[in-house]
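Welcome, and thanks for opening the viewer. Please load the model, show it as a cartoon, and keep the selection tool ready for a short walk.

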Amino acid sequence: FPEPLKSLTDREREIIGLMAERLSNKEIADRLFLSEGTVKQYINQIYSKLQIAGDTRTKRVKLLNMMESVGDLDTAIKIENRNQQLVKAFNKEKRNK
């Protein structure tokens, strides 16, 4: 694995893959037979190990950039697509208030 990802466990890499597939924390939990709280802990641990800080959208963008830099373009594209969907949903919700 590329250097930044070597510190991640197999489970953490699996969760990154599921995040890239645009699954919610609940969907990831259901697929992996974990609680949603456990998934959140894994995601926070991933961000911590990769030294990614900020709000949710910022963290996703930083994760995307990291995946691009290590050559995992497929995952990076999936994360970028999800990030764009989140921004659109956020903007739509903001307009409806």
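## First stop: helix 1

Select glycine 17, which you will find in helix 1; helices (H or I, at least four residues) and strands (E, at least two) are DSSP runs, numbered from the N terminus. Glycine 17 has a relative accessible area of 25%, so it is partly exposed; buried means under 20% relative accessible area, exposed over 50%, and partly exposed in between, with a 1.4 Å probe and protein chains only. Now add isoleucine 28 to your selection: its C-alpha atom is 10.0 Å from that of glycine 17, and 11 residues separate the two along the chain.

Before going further, please note that this is a predicted model, in which local features need pLDDT of at least 70, side-chain atom pairs count only at pLDDT 80 or more, and totals for chains, interfaces and linings use all residues. Residues are numbered from 1 along each chain as its sequence is written, and side-chain values use heavy atoms, with hydrogens and water left out.

Stay with helix 1 and pick out its buried residues: Glu12, Arg13, Ile15, Ile16, Leu18, Met19 and Ala20. Just past the end of helix 1, click on arginine 22, where phi is positive at about 70 degrees. For background, most residues other than glycine have a negative phi.

## Zoom out

Show the whole chain. The protein has 5 helices and 0 strands, and its pattern along the sequence reads α-α-α-α-α. It is 97 residues long, and 31% of them count as buried. Turn on a surface if you like: the accessible surface comes to about 6,200 Å², and carbon and sulfur atoms account for 48% of that. These areas come from the Shrake-Rupley method with a 1.4 Å probe, and for residues only the protein chains shown count as cover.

How much of the contact set joins residues at least 24 apart? Among contacts between residues at least 6 apart in sequence, the share is 43%; contact means heavy atoms within 4.5 Å.

## Second stop: helix 2

Select residues 25–32, which make up helix 2, and colour Ile28, Ala29 and Leu32, which are buried there. Why do they sit on the same side of helix 2? They do so because they cover an arc of only 100 degrees around the axis, the arc being that of the directions from the helix axis to the C-beta atoms. An α-helix has 3.6 residues a turn, so residues three or four places apart point the same way. Now show the neighbours: the buried residues of helix 2 pack against helix 1 (10–20) and helix 3.

Next, move to phenylalanine 33, which follows helix 2 and lies in the loop between helix 2 and helix 3. Phenylalanine 33 is not a glycine, yet its phi is positive, at about 60 degrees. Is phenylalanine 33 buried or exposed? Its relative accessibility is 76%, so it counts as exposed.

## Third stop: helix 3 and the loop after it

In helix 3, select threonine 38, which counts as partly exposed at 26% relative accessibility. Measure from its C-alpha to that of asparagine 25 and you should read 9.3 Å, for a pair 13 residues apart in sequence. Lysine 40 is also in helix 3, and at 42% relative accessibility lysine 40 is partly exposed.

Continue to the loop between helix 3 and helix 4, where leucine 50 has its place. Leucine 50 is buried, with a relative accessible area of 7%. In that loop you will also find glutamine 51, which counts as exposed at 73% relative accessibility. Glutamine 51 has a positive phi of about 55 degrees although it is not a glycine.

## Last stop: the largest pocket

Finish by selecting Asn25, Ile43, Tyr47, Thr56 and Arg60. The largest pocket holds about 270 Å³ of space, and those five are the closest to its centre among the 14 residues that line it. A pocket, on a 1 Å grid over the protein atoms alone, is an open set of points where a 1.4 Å probe fits, with protein on both sides within 12 Å along at least five of seven lines; lining residues have an atom within 4 Å of a point. Its volume is the space filled by probe spheres set on the points.

Which helix gives the most to the lining? Helix 3 does, with 4 residues.
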